[in-house]
Amino acid sequence: MDGIIIVDKPRGWTSHDVVNKMRRFAGTRKVGHLGTLDPAATGVLPLVIGRATRLAQFYTRNDKIYEGVIHFGHSTDSYDDDGAPTSPEVSVTLDRAIVDAALDRSRGEFAQIPPPVSAKKIGGTPAYELVRKQQPVDLKAVQIHVYDLDILSMSGCEATVHVHCSAGTYLRSIAHDAGQAIGCGAYLKNLRRIASGDFKIDSARTLEQLAALSEEGGLAQALVPAAQLLPEFPAEMVDAITAGQIRNGRDFRVSPFRPHTGTRFVKALNSEGDLIAIGEARLPHLYHPVLVL
């Protein structure tokens with residue numbers, strides 16, 4: 001069991017809750033996730049399993065795609081519907097042009113201040129813990145990129161949006177800022193991640209489906225094998241002798257006739273097609289194993 005399983009995270013579960021559940025399903029402690037989802041959010045949560053956990057370092061900056069519902073009329077301290085109101089409820093009749101103009105400040109590349117109720121750390125302490133203790137929270141802005149932010153539909157005081165953004169983007173802050181711009185307050189009512197890098201919701205499995213597969217001994221059916229991960233890295237087949245040398249940390253050569261000559265990273269696969277290492281270019285056609293599974 002070395003690879004990734006894409007989970008459709010349910011509402012109310014933390015990402016760590018899902019990791020613990022998968023550890024029981026897979027019978028191993030070697031399980032991690034590729035990007036936290038808030039407990040109130042649902043959708044794509046890729047879990048790395050077994051030796052593939054070592055590949056997580058190559059997924060830290062994956063783009064994300066979300067669909068969310070912004071409720072206009074008041075704001076909350078957490079910027080979502082789990083928080084306490086921080087402004088009085090007002091009656092709102094939304095105008096698409098006005099909402100789109102308010103969202104425009106959250107398009108493109110800009111510095112975003114994370115919500116105070118977040119896992120961002122201040123002096124080693126998560127911000128949400130300081131909020132619970134009623135201590136001041138001063139979070140620094142983080143540079144992010146929102147590539148697309150489109151209104152899918154509007155109904156009453158709510159707008160459904162589609163967002164393609166860089167890692168580290170908080171949709172809760174986008175909702176809050178839109179409410180501030182209009183002057184009525186707003187918060188993120190629902191959030192669903194439909195893609196994280198190459199991992200899409202169409203390939204995700206619910207915890208109930210994964211539990212059934214685990215009971216039947218068929219959990220491997222949901223696994224994306226390690227060799228299929230990082231498709232942007234060209235694959236290089238190596239013989240048994242070279243595979244042994246790679247496992248000892250020695251450099252390995254690739255064919256000069258391959259079209260990927262000059263690529264920074266390659267995947268070294270053994271004769272069975274299993275991923276054994278990620279190599280980084282040192283010289284033309286010569287790679288050093290920077291990660292060995």
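**Exercise 1. The hairpin of β16 and β17**

Find which residue takes a positive phi in the hairpin of β16 and β17, and state how the two strands are joined.

*Solution.* The model is predicted. Step 1: the hairpin of β16 and β17 has two residues between the strands, and His285 takes a positive phi near 70 degrees there. Step 2: strand β16 covers residues 275–283 and strand β17 residues 286–292; they run antiparallel and are joined by six bridges. Step 3: the bridge partner of Leu283 in β17 is Leu286.

**Exercise 2. The sheet around this hairpin**

Give the strand order of the open sheet of five strands, and say which strands stand at the edges.

*Solution.* Step 1: the order is β13-β15-β16-β17-β14, and the pairing is mixed. Step 2: β13 (235–237) and β14 (252–253) each have a single partner strand, so they stand at the edges with one side lacking a neighbour in the sheet. Step 3: helix α6 (residues 240–247) packs on the sheet, where it touches β14, β15 (265–269), β16 and β17. The direction of α6 makes about 75 degrees with that of β16. Step 4: β15 and β16 run antiparallel and are joined by five bridges. Leu269 stands opposite Leu275 in β16. Step 5: the hairpin of β15 and β16 has five residues between the strands, and in this hairpin Gly273 takes a positive phi near 85 degrees.

**Exercise 3. The two sides of α5**

Sort residues of helix α5 into buried and exposed, and explain why the buried ones lie on the same side.

*Solution.* Step 1: in α5 (residues 207–215), the buried residues include Leu207, Leu210 and Leu213. Step 2: these three cover an arc of only 120 degrees around the axis, and therefore lie on the same side of α5. Step 3: the general rule is that an α-helix has 3.6 residues a turn, so residues three or four places apart point the same way. Step 4: Glu208 and Glu215 are exposed on the other side of α5. Step 5: β1 (3–9) and α1 (15–26) are what the buried residues of α5 pack against. Step 6: Gly217, just after α5, takes a positive phi of about 75 degrees.

**Exercise 4. The nonpolar cores**

Identify the residues that touch the most other members of the largest nonpolar core, and list the contacts of Phe72.

*Solution.* Step 1: this core has 27 residues, and Ile70, Phe72, Leu103, Val146 and Leu171 touch the most other members. Step 2: two or more residues come from each of β4 (64–72), α2 (96–103), β8 (142–155), β9 (158–165), α4 (171–182) and β10 (186–196). Step 3: a further core of 22 residues lies apart, with Ile4, Tyr59, Leu269 and Leu291 among them. Step 4: with neighbours within four places in sequence left aside, the contacts of Phe72 include Val92, Leu94, Val99, Cys157, Ala159 and Ala178. Gly179, Ile182, Cys184, Gly185 and Ala186 are also in contact with Phe72.

**Exercise 5. Asp148**

Classify Asp148 by relative accessible area and describe its surroundings.

*Solution.* Step 1: Asp148 has its place in strand β8. Step 2: its relative accessible area is 37%; buried means under 20% and exposed over 50%, so Asp148 is partly exposed. Step 3: leaving aside neighbours within four places in sequence, Asp148 is in contact with His162, Val163 and His164. Step 4: Ser106 is 42 residues apart from Asp148 along the chain, and their C-alpha atoms are separated by 9.6 Å.

Conventions:
Residues are numbered from 1 along each chain as its sequence is written. This is a predicted model: local features need pLDDT of at least 70, side-chain atom pairs count only at pLDDT 80 or more; totals for chains, interfaces and linings use all residues. Side-chain values use heavy atoms; hydrogens and water are left out. A nonpolar core is a set of buried Ala, Val, Leu, Ile, Met, Phe, Trp, Tyr and Cys residues joined through side-chain atoms within 4.5 Å. Buried means under 20% relative accessible area, exposed over 50%, partly exposed in between (1.4 Å probe, protein chains only). Helices (H or I, at least four residues) and strands (E, at least two) are DSSP runs, numbered from the N terminus. Contact means heavy atoms within 4.5 Å. Two strands pair if DSSP finds at least two bridges between them. Axes are lines fitted to C-alpha atoms, for helices over the stretch in contact, and angles run from 0 to 180 degrees between N-to-C directions. The arc is that of the directions from the helix axis to the C-beta atoms.
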